Amino acid sequence: MSNIAGHIHLILPDPAERAACFRALAAGGERIVRCFASADDWIDGDGGKGGDAILLFRWHQPGRVSGAALLERIAGRSDLAVFVAAEQLSIAESRAILRGGARDLLAAPLDPRIVRRVIDAAADDWQVRQAALHRRREAEARLAALTPRERSILDAIAAGLGNKAIARQLDLSPRTVEVHRAKIMRRAGADSVAELLRWQFIAEQARGAAINPVHYGA
């Protein structure tokens, strides 16, 4: 499981603000906090290629790469949790930033205590999301080997149907349903029907989330 909580990148042009935020975030020594004076410096460095990091940057950047260009460049990267700081933004700009993938907007000049609180919350949220992703992948892997017939039977089991009802629904004999149930349990590595259904429900929730994504700033 990745550890986004341990890597923070600050792209803050003002040296005093950058130093204050660095001290607040590095306190405790459990994190790697890297500072950059501009988006240019961040891109010319590793550009976050190491993955899994919390990125906080000022919307108004010096140099050739603006805040808007930086956000567009990193759009869609699930390995970055992005926060933007700005002094004044129009409603249209705020919506564009959030729709572009930023987790939140922070008021500038930055208060290091607020930055620490926001980053701590983001790190905790990331760990929860990663744990859920791990469970989803395990559920999908356990059910990937099922045949279409077995998936139909599993769906019926999840709907609360017994063997006889499943047999009538799928035009099978109850004995055939029993054989399929045993194979499903074995393929999924489930020790009980309750455990099998848990993997099924996790996989269903994951499919629902993929079909109905939530967008910030909607």
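The following exercises, with worked solutions, concern a predicted model of one protein chain.

**Exercise 1. Confidence**

Determine where in the protein chain confidence is lowest and where it is highest, and decide how residues 209-218 should be treated.

Solution. Begin with the chain as a whole: its mean pLDDT is 87, and 90% of its residues reach 70 or more. Next, turn to the individual elements. Helix H1 (residues 15-26) has the highest confidence, at 96, whereas helix H9 (residues 193-211) has the lowest, at a mean of 78. Finally, consider residues 209-218, where pLDDT stays under 50 and the model has 10 contacts beyond four places in sequence. Where pLDDT is low, the predicted coordinates should not be read in detail.

**Exercise 2. The sheet**

Establish the strand order of the open sheet and identify its edge strands.

Solution. Start from strand S1 (residues 7-11), of whose 5 residues 4 are buried. On one side, S1 is joined by 5 bridges to strand S2 (residues 32-36), and the two run parallel; in this pair Ile11 lies opposite Phe36. The chain passes from S1 to S2 through H1, forming a right-handed β-α-β crossover.

S1 is also joined by 4 bridges to strand S3 (residues 53-58), again in parallel, with His9 opposite Leu55. S3 in turn pairs with strand S4 (residues 80-86) over 6 bridges in the parallel sense, and here Arg58 faces Ala85.

Assembling the pairs gives an open sheet of 5 strands, ordered S2-S1-S3-S4-S5, with parallel pairing. The edge strands are S2 and S5 (104-107), each of which pairs on one side only. On average, neighbouring strands of this sheet are turned by 20° against each other, direction ignored.

**Exercise 3. Helices on the sheet**

State which strands H1 touches and which strands helix H5 touches, and give the direction of each helix relative to a strand.

Solution. Take H1 and its strand contacts: this helix packs on the sheet against S1, S2 and S3, and its direction makes about 175° with that of S2. Then take H5 (residues 112-143), which packs on the sheet and touches S1, S3, S4 and S5. The direction of H5 makes about 145° with that of S3.

A single residue illustrates the environment of H5. Ala122 belongs to this helix and is buried, with a relative accessible area of 6%; the cut-off for buried is under 20%. Beyond four places in sequence, Ala122 touches Ile54 and Phe83. By contrast, Glu204 is 82 residues away from Ala122 in sequence and 26 Å away in space, C-alpha to C-alpha.

**Exercise 4. The two sides of H3**

Explain why the buried residues of helix H3 (residues 67-74) can be said to line one face of the helix.

Solution. First list the buried residues: Gly67, Leu70, Leu71 and Ile74. Viewed down the axis of H3, these residues fall within an arc of 95°, and therefore they line one face of the helix. Next, examine the other side of H3, where Glu72 and Arg73 are exposed. Then identify the cover over the buried residues, which includes S1, helix H2 (39-44), S3, S4 and helix H4 (91-99). Lastly, follow the chain just past H3: Gly76 adopts a positive phi of about 85°.

Key
Residues are numbered from 1 along each chain as its sequence is written. This is a predicted model: local features need pLDDT of at least 70, side-chain atom pairs count only at pLDDT 80 or more; totals for chains, interfaces and linings use all residues. Side-chain values use heavy atoms; hydrogens and water are left out. Buried means under 20% relative accessible area, exposed over 50%, partly exposed in between (1.4 Å probe, protein chains only). Two strands pair if DSSP finds at least two bridges between them. A crossover is right-handed if, with the strands pointing away from the viewer, the path from the first strand over the helix to the second runs clockwise. Axes are lines fitted to C-alpha atoms, for helices over the stretch in contact, and angles run from 0 to 180 degrees between N-to-C directions. Contact means heavy atoms within 4.5 Å. The arc is that of the directions from the helix axis to the C-beta atoms. pLDDT is the predictor's confidence in each residue, from 0 to 100.
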